[in-house]
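Hi,

Here is the structure I promised to pass on. Have a look at it first, and my notes are underneath.

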Amino acid sequence: MSIDNEFDIDFDELFADEEEENFLPATGEQKPEFSAIDISTKAFWARTSEERDESFAALRRTDPVSWQRPVEDAVTPDPDDPGYWALVKHEHITQVSKDSETFISGQGVLFDMLPRLFLQMTQSFLAMDDPRHNKLRKLVSAAFTPKQIKKIDEDIRRAAREIVDELVADGPGEVELVEKVAEKLPNRMFCDLFGVPEELREQTATSAGDIIAWADLERLGDRSPDEVQVEAAAILHDIAEQLIEVRKNAAEPSEDLFTNLMNAEVDGEHLNEFEIGAFFVLMAVAGTDTTKHTTSFALKALAENPDQLAYLREDYDGRIPDAIEEFIRFASPVMTFRRTCVKETELAGKKIIPGDKVVLFYPSGSFDEDVFEEPHKFNLARNPNPHLGFGGGGVHFCLGNQLAKQMLRAIFQELVFRLESWETGEPELLGTNFMRGVKRMQLRFVPAPVPATVG
Ligand code: HEM
């Protein structure tokens, strides 16, 4: 199979169609002054997460629901964009996440107001509201229940073992961690789940990465952010179409998620190829980069906190469930999602009216000192740990959270025991306001001695 670049979708028309009937107009109501603590600049997002949290901490103390000017790194900058409410406290992020009647996702979950069709094409039910969201989510949930995940547990463990076999094969050394370790397991599991053939796997991973990298200059090269997103989405839809064709023409039905989706019914109707393609795009992004970045940050944190590594090694099976929650809190790979207000309401004394954009800053909520004692301490025994890494609860809570935890458990099981020691270099971070990601990071490691076999 190959990518033929013959797309059925007219992308120019897609972006020209801005006057969708359900788009609410920007509000004319008087808003407060833009916050003096400006979290919309490119400079702000170029800082480290520790530096950013100094600003978030100041907002948490002084102005937990602040009015911010439009973010600089938009995919499609809009001169009429009035700004957004920034939610930085755990309490407000969970409140809004759980109130999907007042705060909807159907007008987009990123900073920008993107055309509805483009949202449907790339974000599937992540950017939909009930009842449609619920129907689509139910349809695919079956593949992600703990019972289903248990079934693929052995595959995940085997893949993790093979990845670390390759890493340690040449003895002590230095490698680029993202390529050699962190991205391998989530990419492989995603492609296995959907039955993506070997020759399309690299392209799938590259395009999934492009979708979330719209503000990363290195990744963009000389292309514009919307060009990169549209092209990547088109390639992923094209791959999905090819996978559908193969299954339609196969003599024997396959047993992968893709086949289940083709056979599934919503309201007595099958999903069409566009809807299946959109779900494929959502999963390619949601299911791979998040787990990959968590792996990179957790390896770094363990190297920098040898007491925590020793603590984990003492009782891996007993301690890994809590440790994983802390890996995710510390990594906080998804930094922002947006909702749009559709019913007048109040948050922290601020009047929020229909049409207002409300942005949830998950890492800020996961480091909220009113909820987490010593939030900047990497503490694998932290329990309870109500971090917001998978969202603030409610109907959009991460569908793949069990699968993500399973992958993290398997890869760290190998790394923690088969590496005697390791250290990491400084990470090169992805330049976006959406995903806190590591592009590259060096890993120097010494493999653990292999126990001698008898006989
Ligand atoms: C450490 C890894 C992961 C993190 C940090 C993460 C984070 C998130 C977040 C923050 C949301 C939005 C929640 C909300 O709006 O309330 C989300 C939604 C979602 N995630 Fe994950 N995710 C991870 C792994 C995965 C995996 C492995 C999959 C699937 C294979 C997945 C599939 C999804 C889907 C389908 C949604 C949309 C759910 C909906 O709108 O109903 N995620 N994830």
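Below is what I found, starting with the ligand site and then moving on to one strand and one helix.

Keep in mind that this is a predicted model.

Ligand site: there are 27 residues around the ligand, and those that come nearest are G287, T290, G391, C398 and G400. Three helices, α15 (273-286), α16 (289-304) and α20 (401-418), each supply at least two residues of the shell. If you're thinking about the chemistry of that shell, it splits by class into 15 nonpolar, 11 polar and one charged residues.

Strand β7: this one covers residues 336-341, and six of its six residues are buried. Both faces are covered, with T336, R338 and T340 buried on one side and F337, R339 and C341 buried on the other. So which strands does β7 pair with? One is β3 (residues 103-104), in the antiparallel sense over two bridges, where I104 has T340 of β7 as its bridge partner. Another is β10 (residues 357-361), also antiparallel, over five bridges; there, L360 of β10 stands opposite F337.

Helix α10: residues 184-194 make up this helix, and nine of the 11 are buried, which leaves it mostly covered. The buried ones are K184, L185, P186, N187, R188, M189, F190, C191 and F194. After the helix comes G195, with a positive phi near 65°.

Shout if anything is unclear.

Cheers

Notes. Residues are numbered from 1 along each chain as its sequence is written. This is a predicted model: local features need pLDDT of at least 70, side-chain atom pairs count only at pLDDT 80 or more; totals for chains, interfaces and linings use all residues. A residue is buried if 20 or more other C-beta atoms lie within 10 Å of its own, exposed if 12 or fewer, and partly exposed in between; C-beta atoms are placed from the backbone. Helices (H or I, at least four residues) and strands (E, at least two) are DSSP runs, numbered from the N terminus. A residue is near a molecule or strand if its C-beta atom, placed from the backbone, lies within 6 Å of it. Ala, Val, Leu, Ile, Met, Phe, Trp, Tyr, Cys and Pro count as nonpolar, Asp, Glu, Lys and Arg as charged, and the others, Gly among them, as polar. Two strands pair if DSSP finds at least two bridges between them.
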